[in-house]
Amino acid sequence: VRFLYWQVLNQPLPQTAIPRPRKEHKLPTVLSQEAVTRLLNAVDNVKHLSLLMLVYSGGLRVREAVNLRPEDIEEDRGLICVRQGKGRKDRYTILSDIAIEALRAYKHNYKLTQWLFPGAKPGCHLTTRSAQKVVACARRKAGIPQNATPHTLRHSFATHLLESGIDLRYI
């Protein structure tokens, strides 16, 4: 209706109340713990495996994961410091022992610079699109039918914590 008045009729919209269409509310895709294990086992590259382990074990957004610096990982305390996450907020999240072992193997094989996950260009971090491609490739290789993305790992992290009895306010 708005397009008709503004573009075709070249008139202002009348002052009558035009109802807006309802926003869709879709449930997020959540992988089972077995499917997450299959997905992570399908990744061959140590760097990519470390990235996905951090996303899943810490419930990170993909942007937060690729923006990590080596000093943001606190192995002794089991924490990840997320700087300038969504809403430009800093926060801490958990770091599992399995993810720590994957990070150690990654640090042993790669020389870290400014970024924990450096990209192809010197001085730049890995792109979010690269992380999305890693998950898509691993999903196909693992034979997972759901349309899994890095954000699916974040949803799976929260759901698995909730299923294991962790208080929702803590999550």
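**Close-up 1. Cysteine 124 sits in a loop between two helices.** In this predicted model, look for cysteine 124 in the loop that links H5 and H6. Is cysteine 124 buried, partly exposed or exposed? With a relative accessible area of 35%, cysteine 124 counts as partly exposed, because that value falls between the 20% limit for buried and the 50% limit for exposed. If you skip residues up to four places away in sequence, cysteine 124 touches Trp115, Pro118 and Gly119. Now find valine 66: along the chain, valine 66 and cysteine 124 are 58 residues apart, and their C-alpha atoms are separated by 9.9 Å.

**Close-up 2. Three strands line up as an open sheet.** The order here is E1-E2-E3, and the pairing is antiparallel. E1 and E3 are the edge strands, each pairing on one side only. Helix H3 (residues 46-58) packs on this sheet and touches E1, E2 and E3, with its direction at about 100° to that of E3. What holds strands of a sheet together, in general? They pair through backbone hydrogen bonds, in either a parallel or an antiparallel way.

**Close-up 3. E1 and E2 make a hairpin.** Strand E1 covers residues 73-74, and two bridges join E1 to E2, with the two strands running antiparallel. Want a landmark? Isoleucine 73 stands opposite isoleucine 80 in E2. Four residues lie between the two strands of this hairpin, and in the turn you'll find glycine 78, with a positive phi of about 70°.

**Close-up 4. Strand E2 is covered on both faces.** Which residues of E2 (residues 79-82) are buried on each side? Leu79 and Cys81 are buried on one side, while Ile80 and Val82 are buried on the other. E2 also pairs with strand E3 (residues 91-94), in the antiparallel sense and over four bridges. Two pairs of residues help you follow this pairing: leucine 79 stands opposite isoleucine 94, and valine 82 stands opposite arginine 91.

**Close-up 5. The loop between E2 and E3 has two residues with positive phi.** One of them is glutamine 84, which lies in this loop and has a positive phi of about 55° although it is not a glycine. Arginine 88 is in the loop between E2 and E3 too, and its phi is near 55°, again a positive value in a residue other than glycine. How open are they to the outside? Glutamine 84 is partly exposed, at 43% relative accessible area, whereas arginine 88 is exposed, at 66%.

**Close-up 6. Many elements feed the largest nonpolar core.** This core has 40 residues, and Leu54, Ile73, Ile80, Leu95 and Leu116 have the most contacts inside it. Among the elements that give it two or more residues are H3, E2 and helix H5 (97-109). Which element gives the most? That's H3, with six residues. Zoom in on leucine 116: leaving aside neighbours within four places in sequence, leucine 116 is in contact with Leu54, Leu68, Arg69, Pro70, Ile73, Leu103 and Tyr106.

**Close-up 7. Helices H2 and H7 cross.** The axes of H2 and H7 come within 11 Å and cross at roughly 140°, so H2 is oblique to H7. The crossing of H2 past H7 is left-handed. Gln33, Val36 and Leu39 of H2 make the contact, together with Leu153, Ser156 and His160 of H7.

Technical notes
Residues numbered from 1 in each chain as written. Predicted model: local features only at pLDDT ≥ 70, side-chain atom pairs only at ≥ 80, totals over all residues. Heavy atoms only, no water. Buried < 20%, exposed > 50% of the residue type's maximum accessible area, 1.4 Å probe, protein only. Pairing = 2+ DSSP bridges. Contact = heavy atoms within 4.5 Å. Axes fitted to C-alpha atoms, helices over the stretch in contact; angles between N-to-C directions. Core = buried A, V, L, I, M, F, W, Y, C linked by side-chain atoms within 4.5 Å. Parallel < 35°, antiparallel > 145°, perpendicular 65-115°, else oblique. Left-handed = near helix turned anticlockwise from the far one by under 90°.
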